[in-house]
Amino acid sequence: MRPSDSDKPPYVARVEKIEADHRNNVKVRVRWYYRPEESIGGRRQFHGAKELFLSDHYDVQSAHTIEGKCIVHTFKNYTKLENVGAEDYFCRFEYKAATGGFTPDRVAV
């Protein structure tokens, strides 16, 4: 998803629903992924460069803010990729945006 500040990397979200209103304005309901540096605890040494956290933060955006498609893999599947492309990310945690809590609260690194 296109950020309002063009100096920032695109935001990553999972599209949950696509709807058009009576004027054919297309809206998408999304569930945001957070980068480690966007989380309350910040980026830690064990976070991967392509790591994202699936959050409990939902939103409705204009479909025009969609820049492209990426793939968010499980960590296990990500480690099996022969070539990691620019569109490949992985997710090991779910993130509670309001509290900064993670599920699970620990993983093997």
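In this predicted model, Ser 55 touches Arg 31, Trp 32, Tyr 34 and Tyr 95, when residues up to four places away in sequence are not counted. Ser 55 has its place in strand 3, which covers residues 51-62, and Ser 55 is buried, with a relative accessible area of 0%. The protein around Ser 55 has 109 residues, of which buried residues make up 30%.

**Overall fold**

- The secondary structure of the protein comes to one helix and six strands, and from the N terminus on these elements follow the order β-β-β-β-α-β-β.
- Along its principal axes, the C-alpha trace of the protein spans about 50 × 35 × 25 Å.
- Among the contacts in the protein with a separation of 6 or more, 49% are accounted for by residues 24 or more positions apart.

**Nonpolar cores**

- The largest nonpolar core is made up of nine residues, namely Met 1, Ala 13, Val 28, Val 30, Trp 32, Tyr 34, Phe 53, Phe 93 and Tyr 95.
- At least two residues of this core are supplied by each of strand 2 (26-34) and strand 5 (88-96), and strand 2 gives the most, with four residues.
- A second, separate core has six residues, including Tyr 33, Leu 54, Tyr 89 and Cys 91.
- Ala 13, a member of the largest nonpolar core, touches Met 1, Val 30, Arg 31, Trp 32 and Tyr 33, again without counting residues up to four places away in sequence.
- Trp 32 and Tyr 34, both touched by Ser 55, belong to the largest nonpolar core, as does Tyr 95.

**The largest pocket**

- The largest pocket has a volume of about 420 Å³, and of the 18 residues that line this pocket, the closest to its centre are Val 12, Ala 13, Gly 68, Lys 69 and Cys 70.
- Strand 1, which runs over residues 12-20, gives the most to the lining of the largest pocket, with four residues.
- By residue type, the lining of the largest pocket divides into twelve nonpolar, one polar and five charged residues.
- Ala 13 therefore has a place in two of these descriptions, being listed in the largest nonpolar core, a set of buried residues joined through side-chain atoms within 4.5 Å, and also among the lining residues closest to the centre of the largest pocket.

**Cysteines**

- A disulfide needs a pair of cysteine sulfur atoms within 2.5 Å, and by this rule the count comes to zero disulfides.
- The sulfur of Cys 70 is 11 Å from the closest cysteine sulfur, in Cys 91, and because this is too far for a bond, the two do not form a disulfide.
- Cys 91 is likewise in no disulfide, the nearest cysteine sulfur being that of Cys 70.
- Cys 70 is partly exposed, with a relative accessible area of 30%, whereas Cys 91 is buried, with a relative accessible area of 18%.

**Lys 96 and Asn 83**

- Lys 96 lies in strand 5 and is partly exposed, with a relative accessible area of 42%.
- Leaving aside neighbours within four places in sequence, Lys 96 is in contact with Asp 56 and Gly 101.
- From C-alpha to C-alpha, Lys 96 and Leu 54 are 8.6 Å apart in space, although 42 residues apart in sequence.
- Asn 83 lies in the loop between helix 1 (75-79) and strand 5 and is exposed, with a relative accessible area of 66%.
- The C-alpha atoms of Asn 83 and Lys 17 are separated by 30 Å, and the two residues are 66 residues apart along the chain.

**Backbone details**

- As background to the two cases below, most residues other than glycine have a negative phi, and most peptide bonds are trans.
- Asn 24 has a phi near 65°, a positive value in a residue other than glycine.
- Asn 24 lies in the loop between strand 1 and strand 2 and is exposed, with a relative accessible area of 62%.
- The peptide bond from Thr 103 to Pro 104 is cis, with omega near -10°, and Pro 104 is found in the segment after strand 6 (101-103).

Key
Residues are numbered from 1 along each chain as its sequence is written. This is a predicted model: local features need pLDDT of at least 70, side-chain atom pairs count only at pLDDT 80 or more; totals for chains, interfaces and linings use all residues. Side-chain values use heavy atoms; hydrogens and water are left out. Buried means under 20% relative accessible area, exposed over 50%, partly exposed in between (1.4 Å probe, protein chains only). Contact means heavy atoms within 4.5 Å. On a 1 Å grid over the protein atoms alone, a cavity is a set of points where a 1.4 Å probe fits but cannot get out, and a pocket is an open set with protein on both sides within 12 Å along at least five of seven lines; lining residues have an atom within 4 Å of a point. Grid points are joined across faces, edges and corners, and a volume is the space filled by probe spheres set on the points. Ala, Val, Leu, Ile, Met, Phe, Trp, Tyr, Cys and Pro count as nonpolar, Asp, Glu, Lys and Arg as charged, and the others, Gly among them, as polar.
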